[in-house]
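Reader: I'd like to go through this one label by label. Tell me what earns each label, will you?

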Amino acid sequence: MARTNALPALGGLLAALALPASAALTIDWVTVGNAGNAADAATGYGAVGYEYKIARNETTIGQYAEFLNAAAKSDPYMLYSTSMTTSSINGISRSGVSGSYSYTVNPGSANKPITFVSWFDAARFCNWLHNGQGSGSTETGAYTLNGATIGTYTVNPGAKAWIPSEN
């Protein structure tokens, strides 16, 4: 899947049930209630069958850089894009060689929304959150990816953080 300038999955639309209290990266979650809410008659979207939480704000460059530093030392899934440095946002720089890459947030960029991520980047971020961050897996958890970079995937039962649907 091609990278986009602003993938909604990381643009404030992470949904969660419960994340480990020990996680280092902090996301401000808000509760979406009114379980049993019917879908909008005009669009068919908006049904809420259960209470859940969603990120209050877009995922920031600083948060994504923390993910990269934990999960992309060799970056086999191309979670980093050089456009993250060369775009007008100029958000994240990468240094080092594969196996020891490190990522630095460029001055003034930490609280800007992350851009140039694909659906698979977002799914791996969700897996990492699901698995407690740090050295947590990016390949299983909310989604079972196991190296995939193409295809259609659904959220796994018991996911702790996932990319929500339009509903």
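Author: Sure, and keep in mind that this is a predicted model. Let's begin with Trp 119, which counts as buried because its relative accessibility is 17% and the cut-off for buried is under 20%.

Reader: What makes Phe 120 buried?

Author: The same kind of check. Phe 120 has a relative accessible area of 4%, and under 20% means buried.

Reader: Why is the pair of Trp 119 and Phe 120 called edge-to-face?

Author: Two values matter here. The ring centres of Trp 119 and Phe 120 are 5.0 Å apart, and a pair needs centres within 6.5 Å. Their planes stand at 85°, and over 60 degrees is edge-to-face, so the label holds for Trp 119 and Phe 120.

Reader: How many aromatic pairs does the structure hold, and which residues form an aromatic cluster?

Author: There are eleven aromatic pairs in the structure. One cluster is made up of Tyr 64, Phe 67, Phe 125 and Trp 128.

Reader: On to charges. How many salt bridges does a search of the whole structure find?

Author: Three. In one of them, Asp 28 pairs with Arg 56, with the closest N and O atoms 2.8 Å apart. The limit is 4 Å, so Asp 28 and Arg 56 qualify at 2.8 Å.

Reader: Where in the chain do Asp 28 and Arg 56 sit?

Author: Asp 28 is in the loop between strand S1 (15–16) and strand S2 (29–32). Arg 56 is in the loop between strand S3 (52–55) and helix H1 (61–71). The two are 28 residues apart, and the pair links distant parts of the chain.

Reader: Why is Asp 28 called partly exposed?

Author: Because its relative accessibility is 40%, and partly exposed is the range between 20% and 50%.

Reader: How do you know that Arg 94 forms a salt bridge with Asp 75?

Author: Their closest N and O atoms are 3.0 Å apart, and the rule asks for within 4 Å. This pair, too, links distant parts of the chain: Arg 94 is in strand S4 (residues 92–95), and Asp 75, 19 residues apart from it, is in the loop between H1 and helix H2 (83–86).

Reader: Are the two partners, Arg 94 and Asp 75, buried or partly exposed?

Author: One of each. Arg 94 is partly exposed because its relative accessibility is 30%, whereas Asp 75 has 9% and therefore counts as buried.

Reader: What else is there to say about the backbone of Asp 75?

Author: Its phi is near 55°, a positive value in a residue other than glycine. Met 78 also has phi near 55°, and Met 78 lies in the loop between H1 and H2. Met 78 counts as exposed because its relative accessibility is 55%, and the cut-off for exposed is over 50%.

Reader: And what makes Arg 124 and Glu 139 a salt bridge?

Author: A closest N and O distance of 2.6 Å, set against the 4 Å limit. Arg 124 lies in helix H3 (residues 119–130) and Glu 139 in the loop between H3 and strand S6 (161–162), so parts 15 residues apart in sequence are tied together. Both Arg 124 and Glu 139 are buried.

Reader: Over which rings do Arg 94 and Arg 124 sit?

Author: Arg 94 lies over the face of Tyr 101, at 3.8 Å from the ring centre. For Arg 124, the charged end is over the ring of Tyr 77, 4.0 Å from the centre. The distance limit is 6 Å, and 3.8 Å for Arg 94 and 4.0 Å for Arg 124 meet it.

Reader: Now empty space. How many cavities of 30 Å³ or more are there?

Author: One, with a volume of about 40 Å³. Its lining includes Ile 61, Met 84, Gly 91 and Phe 116.

Reader: What is the make-up of that lining by class?

Author: Six nonpolar residues, four polar and no charged ones.

Reader: Last one: why is Pro 107 called exposed?

Author: Because its relative accessibility is 81%, against a cut-off of over 50%. Pro 107 is in the loop between strand S5 (102–105) and H3. From Pro 107 to Gly 91, C-alpha to C-alpha, is 8.0 Å in space and 16 residues in sequence.

Terms used: Residues numbered from 1 in each chain as written. Predicted model: local features only at pLDDT ≥ 70, side-chain atom pairs only at ≥ 80, totals over all residues. Heavy atoms only, no water. Salt bridge = Lys/Arg side-chain N within 4 Å of Asp/Glu carboxyl O. Helix = DSSP H or I, 4+ residues; strand = E, 2+ residues; numbered from the N terminus. Buried < 20%, exposed > 50% of the residue type's maximum accessible area, 1.4 Å probe, protein only. 1 Å grid on protein atoms, 1.4 Å probe; cavity = no way out; pocket = protein on both sides within 12 Å on 5 of 7 lines; lining within 4 Å. Points joined across faces, edges and corners; volume = space filled by probe spheres on them. Nonpolar A, V, L, I, M, F, W, Y, C, P; charged D, E, K, R; others polar. Phe/Tyr/Trp six-rings, centres within 6.5 Å; stacked < 30°, edge-to-face > 60°. Lys NZ or Arg CZ within 6 Å of the ring centre and 35° of its normal.
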